Amino acid sequence: DAYPNREERRRIRRRHRLRLKQALLGRSRGGQTSKVHLAADRKCRPLAFILTAGQAADSPQFIPVLKKIRVRGAVGRPRTRPDAVAGDKAYSSRGNRTHLRNRHIKAVIPEKTDQAANRRKKGRAGGRPVGHDAELYKERNTVERLINKLKAWRGIATRYDKTPESYLAGLHLRASMIWIREFVEAPS
């Protein structure tokens, strides 16, 4: 008697988890939510977005966000390689640093204390300490300021949209407005 009910509950839970996964919703401290991974330029303008479930880690999204950056100039191909990338300690990983080094991009990412301790523990085999430009790192807050600009729209701040496509469309619309405002307010 109780067994069919248990199977029905399992089936409902599985369906619910699948629906949340398709909607890019996941558990975080605030409940069911999504996370926006983005890149910004020095003027707090968005360059690229990636949407993931709320529990997704930041570091694995670093390279996909970088690959989405396209800055069109007056002539020629769009620029895809910035001179430097500033990020917080969450992006401090060997893979991210190797990717930046291979593309000749300056990494302005502080080293995590546990990574530094492990490197020192290995002695000479641990490699050189990570170079860190403290002056350039001060500009990392441009991403935080951009997030505040994006969240000025209540729909983006609270994610009322059911599908990730419509939420991402809202992000792109708000990003377009930020770029347009920059050109309209620019002195002639």
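Q: In this predicted model, which residues are exposed on the other side of α8?
A: Glu165, Ile180, Phe183 and Val184 are the exposed ones there. To earn that label, a residue needs a relative accessible area over 50%.

Q: And which residues of α8 are called buried?
A: That group is Pro164, Tyr167, Gly170, Leu171, Arg174, Ala175 and Ile178. Here the cut-off is under 20% relative accessible area.

Q: What makes the buried residues of α8 line one face of the helix?
A: Look down the axis of α8: the buried residues fall within an arc of 135 degrees, so they sit along one face. The general picture is that an α-helix has 3.6 residues a turn, so residues three or four places apart point the same way.

Q: How do you know what span to expect for α8, residues 164-185?
A: Count on 1.5 Å a residue, which gives an expected 32 Å for this helix of 22 residues. From first C-alpha to last, α8 reaches 32 Å, close to that expectation.

Q: Why is cysteine 44 called buried?
A: Its relative accessible area is 3%, and buried means under 20%, so cysteine 44 qualifies. You'll find cysteine 44 in the loop between β2 (31-40) and β3 (46-53). It has a positive phi of about 60 degrees, despite not being a glycine.

Q: What makes histidine 104 count as exposed?
A: Histidine 104 comes in at 64% relative accessibility; the bar is over 50%, so exposed it is. Histidine 104 lies in the loop between α3 (94-102) and β5 (106-108). Histidine 104 isn't a glycine either, yet has a positive phi of about 60 degrees.

Technical notes
Residues are numbered from 1 along each chain as its sequence is written. This is a predicted model: local features need pLDDT of at least 70, side-chain atom pairs count only at pLDDT 80 or more; totals for chains, interfaces and linings use all residues. Side-chain values use heavy atoms; hydrogens and water are left out. Helices (H or I, at least four residues) and strands (E, at least two) are DSSP runs, numbered from the N terminus. The expected span of a helix is 1.5 Å times one less than its number of residues. Buried means under 20% relative accessible area, exposed over 50%, partly exposed in between (1.4 Å probe, protein chains only). The arc is that of the directions from the helix axis to the C-beta atoms.
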